[in-house]
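Reader: I am new to this structure. Could we go through it by question and answer?
Author: Gladly. Here it is.

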Amino acid sequence: MIRKFVRAALVTLGLTVTAAVAEAPFIVVQSTTSTQNSGLLDYILPGFEAETGIDVRVVAVGTGQAIRNAINGDGDVLLVHAKPAEQKFVADGWGVERFDVMYNDFVLVGPKSDPAKVKGGTDIAAALTAVSRAEAPFASRGDDSGTHKAELDHWAAAGIDPTEASGTWYRETGSGMGATLNVASGMGAYALTDRATWQSFGNKGNLDILVEGDPRLFNQYGVILVNPEKHPGVRAAAGLRFIDWLIGPDGQAAIESYKLDGQQLFFPNAQ
């Protein structure tokens, strides 16, 4: 069943449900690396493609880059995790409407030797303060991704500007989450990561989860259709069909059923 918002959007755009496949056999989804690296998209997309005949081509980059790509018209749908930036994307007219899809959380990982003595803590600001005071190595993505944005927010909540220590104990990799975790593993550094990427990361080495459970580590994902009024080439009907599936019963059930080593990585919460 096509949800009310999709019907309204299709009418507004002068499209029909059956136009989705006729319009184009594929869509491009600009998405964050965590949805791809965790294996989630490889798990859920075949169900959508089999049901609709629409192929989904994913561009997995940091959230900031995904948003910039969408602003440039390089994509039909945005699936990312930086809600204020997503809301601005819509408010500025680049997106049609934003919808919650799912959530998980961030965790602070670090060396088991734990030089900052933060293990077992549940206060991310206190933990980052301790890392700063100890001048313990910290690996930051430094790439304007959703994780990087969240990390900077937590440093700000602690009243610390870590970039003042850039190149010393604070190392900005300018890379994705997997590459940044590799750096952290290699140099025995702390790092903020989404739990899904951490769970699927194979080179944990001497790293372990040290801080978790702070409500401020909540990590929400949202989905947005790129506005075809800004970019007429957007495959709007097919993009809306994908959004409808993702936030509907089938997509939400697929997200909920995805597990790695018996652990659920994402929790559907579309309204």
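Reader: Where is Leu265 found?
Author: A word first: this is a predicted model. Two strands flank the residue, β11 (263-264) and β12. Leu265 is found in the loop between β11 and β12.

Reader: Is Leu265 buried or exposed?
Author: Buried means under 20% relative accessible area. Leu265 has 3%. Leu265 therefore counts as buried.

Reader: Which residues is Leu265 in contact with, leaving aside its neighbours within four places in sequence?
Author: One of them is Asn104, and the two residues are 161 apart along the chain. Their C-alpha atoms are separated by 6.7 Å. The full list for Leu265 is Ser38, Asn104, Ala196, Gln199, Tyr258 and Leu260.

Reader: What is the secondary structure of the protein?
Author: Two kinds of element are counted, helices and strands. The protein comes to 12 helices and 12 strands.

Reader: Which radius of gyration does the protein have, and what would a compact globule have?
Author: The protein has 271 residues. A compact globule with that number would have a radius near 18 Å. The protein agrees with this, at 19 Å.

Reader: How many Å does the C-alpha trace span along its principal axes?
Author: There is one value for each axis. The spans are about 60 × 40 × 25 Å.

Reader: What percentage of the residues count as buried?
Author: The cut-off is under 20% relative accessible area. Of the 271 residues, the buried part is 54%.

Reader: Which part of the contacts between residues at least 6 apart in sequence joins residues at least 24 apart?
Author: A contact means heavy atoms within 4.5 Å. Among those between residues at least 6 apart, the part joining residues at least 24 apart is 76%.

Reader: How is the pair of Phe48 and Phe242 arranged?
Author: The ring centres are 5.2 Å apart. The planes meet at 75°. Planes over 60 degrees apart count as edge-to-face, so the pair is edge-to-face.

Reader: Which helices does the pair of Phe48 and Phe242 link?
Author: The two residues are 194 apart, so to speak of distant parts of the chain is fair. Both are buried, Phe48 at 0% relative accessible area and Phe242 at 1%. Phe48 lies in helix α4 (residues 40-52) and Phe242 in helix α11 (residues 236-247).

Reader: Which aromatic arrangement do Tyr103 and Phe267 form?
Author: Their centres are 5.5 Å apart and their planes 25°. Planes under 30 degrees apart count as stacked. The pair of Tyr103 and Phe267 is therefore stacked.

Reader: Which strands hold Tyr103 and Phe267?
Author: Tyr103 is partly exposed at 29%, and Phe267 is partly exposed at 31%. The pair ties together parts that are 164 residues apart in sequence, because Tyr103 lies in strand β4 (residues 95-111) and Phe267 in strand β12 (residues 267-268).

Reader: Which residues form one aromatic cluster?
Author: Two of the members are Trp155 and Trp169. The cluster is Phe138, Trp155, Trp169 and Tyr170.

Reader: Which helix residues of α5 are buried, and what covers them?
Author: Helix α5 covers residues 63-71. Its buried residues are Thr63, Gly64, Ala66, Ile67, Asn69 and Ala70. Their cover includes strands β1 (26-32), β2 (55-61), β3 (77-80) and β9 (218-226), and helices α6 (83-91) and α8 (146-157).

Reader: Which phi does Gly73 take?
Author: Gly73 comes just after α5. Its phi is positive, at about 85°.

Reader: What is the phi of Asp114, and what is that of Lys117?
Author: Most residues other than glycine have a negative phi. Asp114 and Lys117 both have their place in the loop between β4 and α7. Asp114 is buried at 7%, whereas Lys117 is exposed at 67%. Phi is positive in each, near 50° for Asp114 and about 60° for Lys117.

Reader: Which residues is Ser175 in contact with, leaving aside its neighbours within four places in sequence?
Author: Ser175 has its place in the loop between β6 (170-172) and α9 (177-187). Ser175 is partly exposed, with 26% relative accessible area. Its contacts are Arg141, Asp143 and Thr180.

Conventions: Residues numbered from 1 in each chain as written. Predicted model: local features only at pLDDT ≥ 70, side-chain atom pairs only at ≥ 80, totals over all residues. Heavy atoms only, no water. Helix = DSSP H or I, 4+ residues; strand = E, 2+ residues; numbered from the N terminus. Rg over C-alpha atoms; globule rule 2.2 N^0.38 Å. Buried < 20%, exposed > 50% of the residue type's maximum accessible area, 1.4 Å probe, protein only. Phe/Tyr/Trp six-rings, centres within 6.5 Å; stacked < 30°, edge-to-face > 60°.
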